[in-house]
Amino acid sequence: MTIAEAAAILNCKTVCGADKMDRPLGSACGADLMSDVLAFVKENCLLLTGMVNAHVVRTAEMLDVPCIVFVRGKVPTQDMIELAEQTGVTLLTCEYTLYEACGRLYQNGLPPCSK
C-alpha cells in the first residue's frame, strides 16, 4: 500500500509532502506514546497518532517513518509542518478516531507493526 492509498482509505487531508504520496508502506502503528513507537515501529511504517507536538515528527524522522496521520481532526502546528518538510515526512489529517483509522487500514490489507 502507498501513502496515497492509505490517505484515500482514511479520507485524509494532506498537510505537507504531497509529492511523496507514492512512497510504499509496509505496516502501520497507532500510538500516542512515543516510547511505544520507538519500541515497535519499523521502516516504512505509517504512524497514526493523536499527539500533536514536534516530538512526534522527530521520532518519525529518527525511525525513517515516511508519514504521520493525525487522527480526530487534529492539525499539526506550523513549526511541526516546517520540521516535517525539512525532514521529508508527509503529514496527513483525518477525522476518524485512532481505533477506527487503524481498523480501516488493517481491513484493507495494511499489516500492523509487531515485535
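Is Asn11 buried or exposed? Asn11 is exposed, because its relative accessible area is 55%, where exposed means over 50% relative accessible area, buried means under 20%, and partly exposed is in between (1.4 Å probe, protein chains only). Before going further, the reader should know that this is a predicted model, in which local features need pLDDT of at least 70 and side-chain atom pairs count only at pLDDT 80 or more, while totals for chains, interfaces and linings use all residues. Residues are numbered from 1 along each chain as its sequence is written, and side-chain values use heavy atoms, with hydrogens and water left out.

The chain as a whole comes next. The chain contains five helices and five strands, where helices (H or I, at least four residues) and strands (E, at least two) are DSSP runs numbered from the N terminus. Reading along the sequence, one meets these elements in the pattern α-β-β-α-β-α-β-α-β-α. The C-alpha trace spans about 35 × 30 × 25 Å along its principal axes. For 115 residues, a compact globule would have a radius of gyration near 13 Å, and the 12 Å of the chain agrees with this; the radius is taken over C-alpha atoms, and the globule rule is 2.2 Å times the number of residues to the power 0.38.

Of the 115 residues, 45% count as buried. The surface that the chain exposes amounts to about 5,800 Å², and carbon and sulfur atoms supply 51% of it; such areas come from the Shrake-Rupley method with a 1.4 Å probe, and for residues only the protein chains shown count as cover. Among contacts (heavy atoms within 4.5 Å) between residues at least 6 apart in sequence, 51% join residues at least 24 apart.

The loop between helix 1 (3-9) and strand 1 (13-16) holds Cys12, and Asn11 has its place in that loop between helix 1 and strand 1 as well. Most residues other than glycine have a negative phi, but phi of Asn11 is near 55°, a positive value in a residue other than glycine. Cys12, by contrast with the exposed Asn11, counts as buried because its relative accessibility is 17%. Leaving aside neighbours within four places in sequence, Cys12 is in contact with Ala7, Val69, Leu92, Thr93 and Cys94.

Helix 3 (residues 54-62) has Val56, Val57, Thr59 and Ala60 as buried residues. These cover an arc of only 160° around the axis, so they lie on the same side of helix 3; the arc is that of the directions from the helix axis to the C-beta atoms. They pack against helix 2 (34-40), strand 3 (45-49), strand 4 (67-70) and helix 4 (78-87). Thr59 counts as buried because its relative accessibility is 3%, and, not counting residues up to four places away in sequence, Thr59 touches Met34, Val37 and Leu38. Met62 also lies in helix 3, yet Met62 is exposed, with a relative accessible area of 57%. The C-alpha atoms of Met62 and Asn11, which are 51 residues apart along the chain, are separated by 27 Å.

In the loop between helix 3 and strand 4 one finds Asp64, whose phi is near 60°, a positive value in a residue other than glycine. Asp64 is partly exposed, with a relative accessible area of 49%.

Helix 4 has the buried residues Met80, Ile81, Leu83 and Ala84. Seen down the axis of helix 4, these residues fall within an arc of 165°, so they line one face of the helix. On the other side of helix 4, Asp79, Glu85 and Gln86 are exposed. The buried residues of helix 4 pack against strand 1, helix 3, strand 4 and strand 5 (90-93), and just after the helix Gly88 takes a positive phi of about 80°.

Which residues of helix 5 (residues 98-107) are buried? They are Leu98, Ala101 and Leu105, and because they cover an arc of only 70° around the axis, they are on the same side of helix 5. What covers them includes helix 1, strand 2 (27-30) and strand 3, whereas Tyr99, Tyr106 and Gln107 are exposed on the other side of helix 5. Helix 5 is followed by Gly109, whose phi is positive, near 100°.
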